[in-house]
Amino acid sequence: MRKLHSSDNPLFLPDMELVDTYRRHLNYLRVSVTDRCNLQCIYCIPQGRIKNLPHAEVLRYEVILRIVRIGVHLGISKVRITGGEPLVRKGIYGFLGKLNAIKGLKDVSLTTNGTLLKNNLKKIREAGIKRLNISLDTLDPDKFRRITRHDRFSEVWDGIMKAHEMGFSPIKLNAVILRGINDDEILDLARLSLEYPFHVRFIEYMPIGDSGIINGKTILTPEIKNSLRELGELTAVRNTVIDGPAQRFRFENALGEVGFISAISHHFCHTCNRLRLTASGQLRPCLLADTEFDLKGPLRRGYLDRDLAEVFFKTARFKQREHHLAVSHPSKVAGRMSAIGG
Ligand code: SAM
């Protein structure tokens, strides 16, 4: 662990930065604020009734803010809010504002399914959020209903358009591509990057939890990239520090970009700088490994900030060199994506 240079230490925390066994600096925390979602995407949530966390088991906002403050002292500089669907949680906009005000936190962003965006964009902007990631797997309302089990395409699309008009930038549109379901829309989705300054990102389906998706639906990045040739040549765009694992490209004269998030075909583990906080208060070193460390228990027992910082260090120590999900070995990660926080 590297010593921090900061001299102010109001929390009496160890002056150490989070660096794992493989010398990766962990400066990015994904925070799931709820496991509840108002959609039920077929690749994310199993069909039928699902058991959500009782409200009392979900971390309170003040507690999340305390955990983030500790993380920031240990070198976390970027936080993404996710879920479940973060915008279904009451009080989210006030929370986002308080999160953004944390000293030392350089970047706060939000991942949403877009259903509740349109009428809340002003509040999101007032909370200091400038960048949005919105899930959009299809441009066809019927298919949207089949994929998400809800008839809400137009709300999502209107939300995306309004966010664009209001100047949110970049707007990243995340599409999980599944064979026989939305692979016929790869070109249409990519075309959005010609017309709008959107970053359209194609995500490889990961076998997480019991979503009921059968093997064989996964389409890997090389195949997607290949089909994009029809639209023209792709030129690589250099990643910046806040980009994360997407490989970025641009078509000639396009206003936006296309990107690929290839957790299966192209391990980006060597550059992984993330930890995850689940809605139930577990700190996870990796989305794709079933290891997690409890913060909620220690919090309830009144532990001090420095004890909670120890949980961060322990989680960092358990971060594996790489995940072991592969198409040829479709081992499953237990738990739903919506519960862990995608
Ligand atoms: N509700 C928000 C949303 O829809 O963006 C945030 C949570 S959602 C779990 C976050 C992201 O995870 C979405 O872009 C979704 O498409 C992606 N996702 C969910 N299950 C996945 C899976 N099995 N493989 C790959 N991506 C998945």
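How much area does the chain expose, and what share of it do carbon and sulfur atoms supply? The chain exposes about 15,900 Å², of which carbon and sulfur atoms supply 52%; accessible areas come from the Shrake-Rupley method with a 1.4 Å probe, and for residues only the protein chains shown count as cover. The structure is a predicted model, in which local features need pLDDT of at least 70 and side-chain atom pairs count only at pLDDT 80 or more, while totals for chains, interfaces and linings use all residues. Residues are numbered from 1 along each chain as its sequence is written, and side-chain values use heavy atoms, with hydrogens and water left out.

**Overall architecture**

The secondary structure of the chain comprises 10 helices and 12 strands. These elements are DSSP runs numbered from the N terminus, with helices (H or I) of at least four residues and strands (E) of at least two. Of the 342 residues, 56% count as buried, where buried means under 20% relative accessible area, exposed means over 50%, and partly exposed lies in between (1.4 Å probe, protein chains only). Among contacts (heavy atoms within 4.5 Å) between residues at least 6 apart in sequence, 73% join residues at least 24 apart.

**Ligand site**

The ligand is surrounded by 18 residues, each with a heavy atom within 4 Å of the molecule. The closest are Gly84, Glu85, Thr111, Ser135 and Met206. By class, the shell divides into seven nonpolar, nine polar and two charged residues. In this division, Ala, Val, Leu, Ile, Met, Phe, Trp, Tyr, Cys and Pro count as nonpolar, Asp, Glu, Lys and Arg as charged, and the others, Gly among them, as polar. Strands β3 (107-112), β5 (171-177) and β6 (199-204) each supply at least two residues of this shell.

Three pairs of polar atoms join protein and ligand at short range. A backbone N or O atom of Gly84 lies 2.9 Å from a ligand nitrogen, and a polar backbone atom of Met206 is 2.8 Å from a nitrogen atom of the ligand. Ser135 instead places a polar side-chain atom 2.7 Å from a ligand oxygen. Taken alone, the ligand exposes 550 Å², and the protein buries 94% of that area.

**Helix α6**

Helix α6 spans residues 186-195, and its buried residues are Ile186, Leu187, Leu189, Ala190, Leu192 and Ser193. An α-helix has 3.6 residues a turn, so residues three or four places apart point the same way. The buried residues of α6 pack against α5 (153-165), β5, β6, α7 (221-228), β8 (247-251) and β9 (257-261).

**Salt bridges**

Side chains of opposite charge can pair when their charged atoms come close. A salt bridge is counted when a side-chain nitrogen of Lys or Arg lies within 4 Å of a carboxyl oxygen of Asp or Glu, and the count comes to 18. Examples are tabulated below.

| Pair | Closest N and O atoms |
|---|---|
| Glu57 and Arg300 | 3.8 Å |
| Arg152 and Glu155 | 2.9 Å |
| Arg250 and Glu257 | 3.7 Å |

The pair Glu57 and Arg300 links distant parts of the chain, 243 residues apart: Glu57 is in the loop between β1 (28-32) and α1 (61-73), and Arg300 is in helix α8 (residues 296-300). Glu57 is partly exposed at 29% relative accessibility, whereas Arg300 is exposed at 54%. Together with Lys296, these two residues are linked in a network of salt bridges.

In the other pairs, Glu155 is partly exposed at 31% relative accessibility. Arg250 is partly exposed, with a relative accessible area of 30%, while its partner Glu257 is buried at 3%.

Terms used: Polar contact = N/O pair within 3.5 Å; in protein donor to acceptor, adjacent residues only side chain to side chain.
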